[in-house]
Amino acid sequence: MENKIEREMEKETENKNIEIGTENIEIGTENIEIGTENIEIGTENIETENKNMPDKKEAGTEIVVKALNEKNVDTIIEGIDIVRTFLMGEVEVRVLRGISVKIRRGEFVAIMGPSGSGKTTLLNQLGLLDTPNSGKVIINGADTSLMFDREKGRFRLHNLGYVFQDYALLPELTASENVYISLMMQGKSKAEYESAAAEIMEAVGLGDRLSQLPSKMSGGQQQRVSIARALAHNPIILFADEPCANLDSKNSKEVLDLFKKFNKELGQTIVMVTHEDWHAEYTDRVIRLKDGMLE
Amino acid sequence: MLEKAKVSFFLASRTITRGNKGITIFTVIVLALIFVQLVLFSSMLAGVTLKFNDLMVDFQTGNVVVEPREEERYIEDASALQKKIESLPQVVGTSARLKTSGNFHYKEKEMGATVYGIDPEDENFVTDLEDAVISGEFLSRPDRGEVILGREVSGGFGALMESKSLGGVEVGDTVEITISGKTREFRVKGIYTTRYFMVDAGAYISRADLEEMLGVQDRDFAQEIAVKTIAGTDEYETRTALLSLGIRENIRTWREFAGILGLIESTLGMIRDIMNVIGLLIAFVIIFVVIYVNIVNKKRQIGVQKAIGIEQNVIIASFVLQAMFYAGIGVILGFVFMRFGLAPYTAAHPVDIPLGSMSLKLDDVEAINRAVLLFLASIIGSVIPAYTLTQKDLLELIWGK
Ligand SMILES: Nc1ncnc2c1ncn2[C@@H]1O[C@H](COP(=O)(O)OP(=O)(O)OP(=O)(O)O)[C@@H](O)[C@H]1O
Ligand SMILES: [Mg+2]
């Protein structure tokens, strides 16, 4: 239900979003928009924004719906001053050193940067696969820093989709089972999840491979199954970490074309980490990372 | 709730049907073996005890034994008492025996054993000793100076304690027997085995010979009267019937008579209980390790499942269901193997052990008890690793960091 509403809302704003294009998206601390209220704070710094935080403390889906009722809701993910450090033995490594980033609804964004610059780490923070040491991630108006692990799990199940570099399909499930397992978990009926899986498999060009096991498929096919899995439940954002790293250029192109298609036709928001400049050409905008900072 | 259970079932069933067959088979076999190991010792014990019982009745005591009154060494007027007892309709026969320990000599060898003085024909009504003779013949009434040796005395014939025996006496040989200081030569007429060490470590001569050696000839003395009843007669009823005949002698059922066997049985029972505890611990550790290795191998898959929003409880439940499935199949296989394989096989081909020959007897209550424990062990053995693993961060699960 919700997703449908969102979808429609997205479609309405889709063209506008895409037109706005790359220039108009504020990054970092200088130009912060606050999701739900859509108040332009302009050049104010983060502290100002933090003062405003209590206004949007309500958690979860309520806010998502509320956010959609507001006009001109453009920002779908907002990362605010994200810091992530890891302990390497005794040494604390600051992998993300206070990153603030905004991604608009319907955008197809690439995250690029040298190896070890923290791309995967950033994607994991935005995709709720990891928790920052400080800072916040606000998705669709919901402050995810207020969520428990369980809630995050449920949020991922209903709202987010992931494509991993090595496909990460469950080897014991067939292609369509891999695709519908999350729908099953959502409590959809057999008829619903089977037809949804068939539909999305068709859309990724594997309509004839529903009952094939991943081990019997080529890398490109597996990656397309994993895209189908990531999109089966109509996520509000699709995250992909170097989805083409293990693929030859022909298969890479197929995968990127699929991304582009879902982005254009359905207004699917996509955040993709990549190394290749020609991959980035498919996207609307590139976020560059260097040593844990935005470039 | 229901959809969660559905997903757990779904994941478990797919792993079972499509997962690594080798691991599945290995796990099931390990669990089946653990089950067998858990029931084996008590089955052995049940088998041994069962045989002890048959052995007592068939080769030694009959169903009931009449013994001298308190403070007396002998039953007097034994044949009169026998007649009296045989008048009871449920009594098949009685055998009045003298019983003492004797020293046997043959060539350089020497050993001690129990010597029974019997009336061969009476004895045949009570015990199956005649059928246990494997070489030569059983005693007959007029025989004097002849002896039947158990194989543990004679040696040979597969005796279990060969080195203690006389080392290969054969039918027709002469052995010397010393009883209360008197030594006499006896010709070996037969050698018997019941395949039970304790019964086979004995010798039978005629009652008249033993009376002579004990110096109680023509006194109609006996040290025990073994009474055999019609199959299915309750021993305690027989005793009541004997008491109502006015018999003052001590009357014991074979069960009470089996004192030493009872002791062995309870000792073995204790050993069994200890073995069971150790066996269960070992079983638990093995199950835990097997399931743990299985689950740890799936770390990444667990991570992916968690990442796409499958709940931890659902993931844990899917592993527990798998473990329960393996345990179920393992128990069934183990049970079938015991019930229709090993138990009937050992019944047909008893194994010789120092206590005698043994076959396995599987007790259903015991088997169910072990099955339940194994089930619990597999649940705990899967919950613990599945829980600890699903608790971990996604980063660690998926990227091993
Ligand atoms: N869980 C972790 N524990 C310790 N160090 C980590 C962890 N995750 C990442 N790092 C370190 O953080 C840095 C950034 O890692 P990250 O994987 O985000 O880089 P990346 O930009 O994705 O690189 P690549 O292009 O090689 O994938 C690296 O130096 C890495 O070793
Ligand atoms: Mg990376």
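1. A residue counts as buried when its relative accessible area is under 20%. In this predicted model, T144(A) has a relative accessible area of 3%, so T144(A) is buried. T144(A) sits in a loop of chain A, between β7 (142-143) and α5 (149-159). The side chain of T144(A) reaches the backbone oxygen of V137(A) at 2.6 Å. V137(A) also appears among the contacts of T144(A) once neighbours within four places in sequence are left aside, together with L128(A), I139(A) and K152(A).

2. Chain A as a whole comes next. The secondary structure of chain A comes to 10 helices and 12 strands. Chain A has 295 residues, and 57% of them count as buried. Among contacts in chain A with a separation of 6 or more, 73% are between residues 24 or more positions apart. The accessible surface of chain A is about 12600 Å², and carbon and sulfur atoms account for 48% of that surface.

3. Two aspartates of chain A deserve a look at their backbone angles. Phi of D81(A) is near 50°, which is a positive value in a residue other than glycine. D81(A) belongs to strand β3 (residues 75-88) of chain A and is partly exposed, at a relative accessible area of 31%. Phi of D291(A) is likewise near 50°, again positive in a residue other than glycine. D291(A), however, is in the loop between β11 (285-290) and β12 (293-294) of chain A. Is D291(A) buried or exposed? With a relative accessibility of 54%, D291(A) counts as exposed, because the cut-off for exposed is over 50%.

4. Side chains of opposite charge can pair when their charged atoms come close. Over all chains, the rule used here gives a count of 37 salt bridges. One of these salt bridges joins the side chains of K253(A) and D257(A), at 3.2 Å from N to O. Both residues are in helix α9 (residues 249-266) of chain A, and they are 4 residues apart, about one turn of the helix. K253(A) is partly exposed, with a relative accessible area of 42%, and D257(A) is partly exposed at 34%.

5. In chain B, a salt bridge joins the side chains of E311(B) and K4(B), at 3.1 Å from N to O. This pair links distant parts of the chain: E311(B) is in the loop between α11 and α12 of chain B, K4(B) is in helix α1 of chain B, and 307 residues separate them in sequence. E311(B) is buried, with a relative accessible area of 16%, whereas K4(B) is partly exposed at 25%.

6. E311(B) also takes part in the interface. Which residue of chain A meets E311(B) in a salt bridge? The partner is R150(A), and the distance from N to O is 3.9 Å. Across the interface of chain B and chain A, the rule finds 5 salt bridges. The elements of chain B that give two or more residues to the side touching chain A are α1 (2-18), α11 (299-307), α12 (312-348) and α14 (394-399). Of these, α1(B) gives the most, with 9 residues. The residues on this side of chain B divide into 12 nonpolar, 6 polar and 9 charged.

7. The extent of the interface can be stated in several ways. In terms of contacts, 27 residues of chain B touch 29 residues of chain A. The area buried between the two chains is about 2500 Å², and carbon and sulfur atoms give 65% of that area. There are 8 residue pairs in polar contact between chain B and chain A, counting pairs with both residues at pLDDT 80 or more.

8. Another salt bridge in chain B joins the side chains of R151(B) and D200(B), at 3.6 Å from N to O. The pair links distant parts of the chain, with R151(B) in helix α5 (residues 151-154), D200(B) in helix α6 (residues 197-200), and their positions 49 residues apart. R151(B) is buried, with a relative accessible area of 4%, and D200(B) is buried at 0%. Elsewhere, R97(B), K99(B), E123(B) and E224(B) are linked in a network of salt bridges.

9. The last point concerns a glycine. G330(B) is in helix α12 of chain B and counts as buried, at 0% relative accessibility. The C-alpha atoms of G330(B) and L31(B) are separated by 4.9 Å, although the two residues are 299 residues apart along the chain. With neighbours within four places in sequence left aside, G330(B) is in contact with V28(B), L31(B) and A32(B).

Definitions and conventions: Residues numbered from 1 in each chain as written. Chains lettered and ligands numbered in written order. Predicted model: local features only at pLDDT ≥ 70, side-chain atom pairs only at ≥ 80, totals over all residues. Heavy atoms only, no water. Buried < 20%, exposed > 50% of the residue type's maximum accessible area, 1.4 Å probe, protein only. Polar contact = N/O pair within 3.5 Å; in protein donor to acceptor, adjacent residues only side chain to side chain. Contact = heavy atoms within 4.5 Å. Buried area = accessible area lost by both parts, 1.4 Å probe. Salt bridge = Lys/Arg side-chain N within 4 Å of Asp/Glu carboxyl O. Nonpolar A, V, L, I, M, F, W, Y, C, P; charged D, E, K, R; others polar. Areas by Shrake-Rupley, 256 points an atom, 1.4 Å probe, with all protein chains shown as cover.
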